[in-house]
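Reader: I should be grateful for a close look at one part of this structure, with each term explained for a first-year student.

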Amino acid sequence: MMCLEKATQADRENATATIRRQVDRVSEMISEILDFTQGSHADYVLGQNDYGQFVQQLVDEARPEVELRGSKLESAPPPVSVRLAFDPKRLRRVFFNLVHNATDAMPRGGKVMIRFRVENNELVTEIEDTGPGIAPEIAGKLFEAFASFGKAHGTGLGLSICKRIVEDHHGRIWSVSKPGRGAIFDFALPLPPA
């Protein structure tokens, strides 16, 4: 986009900003992989942030990339506006990993839905795709390091890194299999005391 002759100045600025965000994401991912493989487990400071605003920015950022892969990204109902203790850089890794896994599972296109619900003093975020679902032979090993199924590329570390990040946020992550539906991943973060 930046190099097209017909690109406007605004197109070039948007492309530059997108490239910078992608480079930051790759850098963060490499750091997360190095921390994970070296077994380091740093104490992270979780600041108070607006979860709804954070998720909306991620959805807006991820949507064009999902559409380039022939899929649609929906967030309904809109993200819950609540202040939670989390590290935005690390938690975005969870979102992007789950969304990318979903689009990888749908090479002919499909839909990725992000939903939210509150239950048992936790805010649960659900990411579901319209792909083939979770293969039974890998279902029990999804969050183990180096577990991979049906991907020509990938390290098999994505979900285990997601698990560590969510647990570092005092939360939990799990998968759900329902007949006739695609893959469903839920993760829960604790709500602040009332």
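Author: Among the elements of the chain, strand β7 (residues 184–190) has the highest mean pLDDT, 96, and α1 the lowest, 72; helices (H or I, at least four residues) and strands (E, at least two) are DSSP runs, numbered from the N terminus. Here pLDDT is the predictor's confidence in each residue, from 0 to 100. Over the chain its mean is 84, and 82% of the residues reach 70 or more. Where pLDDT is low, the predicted coordinates should not be read in detail.

This is a predicted model, in which local features need pLDDT of at least 70 and side-chain atom pairs count only at pLDDT 80 or more, while totals for chains, interfaces and linings use all residues. Residues are numbered from 1 along each chain as its sequence is written, and side-chain values use heavy atoms, leaving out hydrogens and water.

The part chosen for the close look is helix α3. This helix covers residues 88–104, and its end C-alpha atoms lie 24 Å apart, which agrees with the 24 Å that its 17 residues should span at 1.5 Å a residue; the expected span is 1.5 Å times one less than the number of residues. Of these 17 residues, 13 are buried, so that α3 is mostly covered; buried means under 20% relative accessible area, exposed over 50%, and partly exposed in between (1.4 Å probe, protein chains only). At the start of α3, a side-chain oxygen of D87 comes to within 3.0 Å of the backbone nitrogen of K89.

Notes. A polar contact is a pair of N or O atoms within 3.5 Å; within protein, one must be able to donate a hydrogen and the other to accept it, and residues adjacent in sequence count only if both atoms are side-chain atoms.
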